[in-house]
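Please walk me through this structure in connected paragraphs, as you would for someone who has not looked at it before. I would like the reasoning spelled out where a conclusion depends on it.

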Amino acid sequence: MTDDALLQRWRDAWPAALAAWSKYTRLRDARLCHTTMAAAKEGLQGSFAMIRLLDQSVVVNLQGVRELGLQDYAVEILAHEIGHHVLAPASAADQFRLLARLRRALPTLEAHAPMVANLYTDLYINDRLQRQAGLRIDHIYRILEQARTAPASSRVWTLYTRIYEQLWQLPKGDLGGGAADQAIDTDAWLGARLIRVYARDWMDGAIKFATLLLPYLAEQQQQMEEFYRLADTRDAAAGCDPSGGYQVEEGELETPIHPVQDRRISGLDEAPTDPAPDAQRTPGSGQAREPYEYGEILKAAGITLSDEDIAVRYYRERALPHLVSFPKMPAPLSTELQPEGLEPWQIGDPIEEIDWLATVVQSPRPVPGLTTVQRQYGREAARRPKPTPVDLDLYVDSSGSMPDPRFHTSYLALAGAIVALSALRTGSRVQVTLWSGKSEVIVTPGFVRDEDQVLGVLTGFFGGGTCFPIHRLRQTFAAPRDRPTHILMISDDGISTMFDNDEQGNSGWDVAARALVNGGAGGTMALDLRPDWDGDQQAGWLQKSYDAIKRARSEQGWDIHAIAQAESLVDFARAFSLRHYTNSSAQSHAKHRPRP
């Protein structure tokens, strides 16, 4: 068969493949590539077919199909790929959720989660196509077994093909996979039962399937090459943005149990009923996963981003639920009357209210009370002048006492993201300065309106000594700002270094006072301080820092917020945003005007 004839045959098979799921199934036509090189340009490597969740596409390498001898199975292969869009995983969000669950069930073998996810979803799709659509999926596995180049099947492959034999009541070894011992036969039966029991809730069975495969993967994790040709979902979510992925779902927190321990699967009376009892659950449903784990799941889903870009996406997602609403400006009624519709003029109404032009248009011979009309007037909402937003100058501590936002949750970065994104949402401009030692400073290019620039600075990290960049404060507020600007510091007792002398010998106290005056909208400090920081019982160096903070409050009017726990920074950021970015700038300016 020529390449063109093969291409046309597969194009003609597309409607039948869609109909295998439903006559209402709609997807864009499959991208059929003549050569492996052309398929690689579409992102397909290692396998002969793949899906893309970003644009709901199916890609097939016809050269690879020909090399495996699968030319006559166009409907089966295309219907299988369509099944990944229709049934499992169906969306980038579900692919992310599935990988998150599998990774927790594969300790030390998390790298195999994409492959396990592929095998798991394939089982549901193939079982439905074989039994309900009457397609020849079993033939494909026989051909793949014949085309296999490995000298001997791994126990993982043997177990996997044996599960299909159990599902479809085929003779033992009919799909290849080598000799299966009694242990594999038992696990294959459990695997087949799992696929049937969780057919409508496939996400809930994922952890149990991973637990079933875990000992086999641990034995032969170096022999997974034979699965690569089946990896049609390995990079399925590339380019996608699975929102909400930072949250840990309750299903992830269940202690992994083997399918034999699930009564719904095994039928054993002594097995616990699914879902697992409270004793087998880990507390903390609804908690947020750590940034490094979030990044690992993104990479497993095929989303290739740098650690910096992952951190930006993570903190943006975590900040979104806490942002202020988009501003709304109620419009008062205008004092000017506006002409509206017409209504009949009746005898007895003031004669001067007759609209003679409209009356004559209706009838050239006016008849009072019958053809006469009068104009109605109403008031229209007036446009209220837009208030000038209050800009934000944000300084975030990144010294050694703070966590690296790219690996562990930094509540300083999260609080900064909540406040900064709320400010941007209301039209303000934001400047962010991340600081640690004297020369360890990164800053946005001035006051900007770009979220990525703001979050890019917030998610950086130094981890060095503690020395506030007084020169940044001095340069920013050397002259009065063109718009009112609020100054926000997020730090700990190390903020007291901002009152030292700068590199030019200027007093930090003078610089801070000038900044408040030229900013014109006040200053706030959210600091990790001891609960008794306002007393006089601290160690010498710590008491000196606390005394400087108290002096800043009493003499210069800084609004000091002592944060007892890092998590409380989220509550502070939400309250701060509501207070400063839901009122008009005039109210905010008046409320936070620095003391003379």
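In this predicted model, T108 has a relative accessibility of 72%, and because a residue counts as exposed over 50%, T108 belongs to the exposed residues. Its place is in the loop between α5 and α6, and T108 has a positive phi of about 70° although it is not a glycine. Most residues other than glycine have a negative phi, and most peptide bonds are trans. Q169 can be read alongside T108, for the phi of Q169 is near 55°, again a positive value in a residue other than glycine. Q169 is found in the loop between α8 (155–167) and α9 (182–197), and at 66% relative accessibility Q169 counts as exposed. An unusual peptide bond also deserves a look in the light of the general rule that most peptide bonds are trans. The bond from A88 to P89 is cis, with omega near 5°, and P89 is found in the loop between α4 (74–86) and α5.

From these loops the reader can turn to a sheet that α4 lies against. This open sheet consists of three strands in the order β1-β3-β2, with mixed pairing. The edges are taken by β1 (31–33) and β2 (49–52), each of which has a single partner strand, so one side of each is left without a neighbour in the sheet. From one strand to the next, the twist averages 15°. Within the sheet, β2 and strand β3 (residues 57–61) run antiparallel and are joined by four bridges, and in one of the pairings R52 has S57 in β3 as its bridge partner. The two strands form a hairpin with four residues between them, and in the turn Q56 has a positive phi of about 55°. Although β2 stands at an edge, both of its faces are covered, since A49 and I51 on one side and M50 and R52 on the other are all buried. Helix α4 lies across β1, β2 and β3, running at about 25° to β2.

Further along the chain, which parts of β9 (residues 485–492) are buried? Eight of the eight residues of this strand are buried, so β9 is largely enclosed by the rest of the structure. On one side of the strand are T485, I487, M489 and S491, and on the other are H486, L488, I490 and D492, so that both faces of β9 are covered. Strand β9 also pairs with other strands. With strand β6 (residues 391–397), β9 pairs in the parallel sense over six bridges, and here D393 stands opposite I487 in β9. With strand β10 (residues 520–528), β9 again pairs in the parallel sense, over seven bridges, and T524 in β10 is the bridge partner of L488.

A helix shows a comparable kind of enclosure. Seven of the 10 residues of helix α12 (residues 291–300) are buried, so α12 is largely enclosed by the rest of the structure. The buried residues of α12 are P291, E293, Y294, G295, I297, L298 and A300, and what covers them includes α5 (92–105), α6 (113–131) and α13 (307–319). Just after α12, G302 takes a positive phi of about 95°.

The last stop is a pair of helices. Helix α18 (residues 508–519) and helix α19 (residues 540–556) pack at an angle of about 40°, with their axes 12 Å apart. How are α18 and α19 oriented to each other? Roughly parallel would require an angle under 35°, and with about 40° between them, α18 and α19 are therefore oblique to each other. The crossing in which α18 passes α19 is right-handed. On the side of α18, W509, A512, A513 and L516 make the contact, and they meet A548, R551, A552 and Q556 in α19. By class, this contact has six nonpolar, one polar and one charged residues. An α-helix has 3.6 residues a turn, so residues three or four places apart point the same way. That rule helps in reading the contact, where the residues listed from α18 include W509, A512 and L516, and those from α19 include A548, R551 and A552.

Conventions: Residues numbered from 1 in each chain as written. Predicted model: local features only at pLDDT ≥ 70, side-chain atom pairs only at ≥ 80, totals over all residues. Heavy atoms only, no water. Axes fitted to C-alpha atoms, helices over the stretch in contact; angles between N-to-C directions. Parallel < 35°, antiparallel > 145°, perpendicular 65-115°, else oblique. Left-handed = near helix turned anticlockwise from the far one by under 90°. Contact = heavy atoms within 4.5 Å. Nonpolar A, V, L, I, M, F, W, Y, C, P; charged D, E, K, R; others polar. Buried < 20%, exposed > 50% of the residue type's maximum accessible area, 1.4 Å probe, protein only. Pairing = 2+ DSSP bridges.
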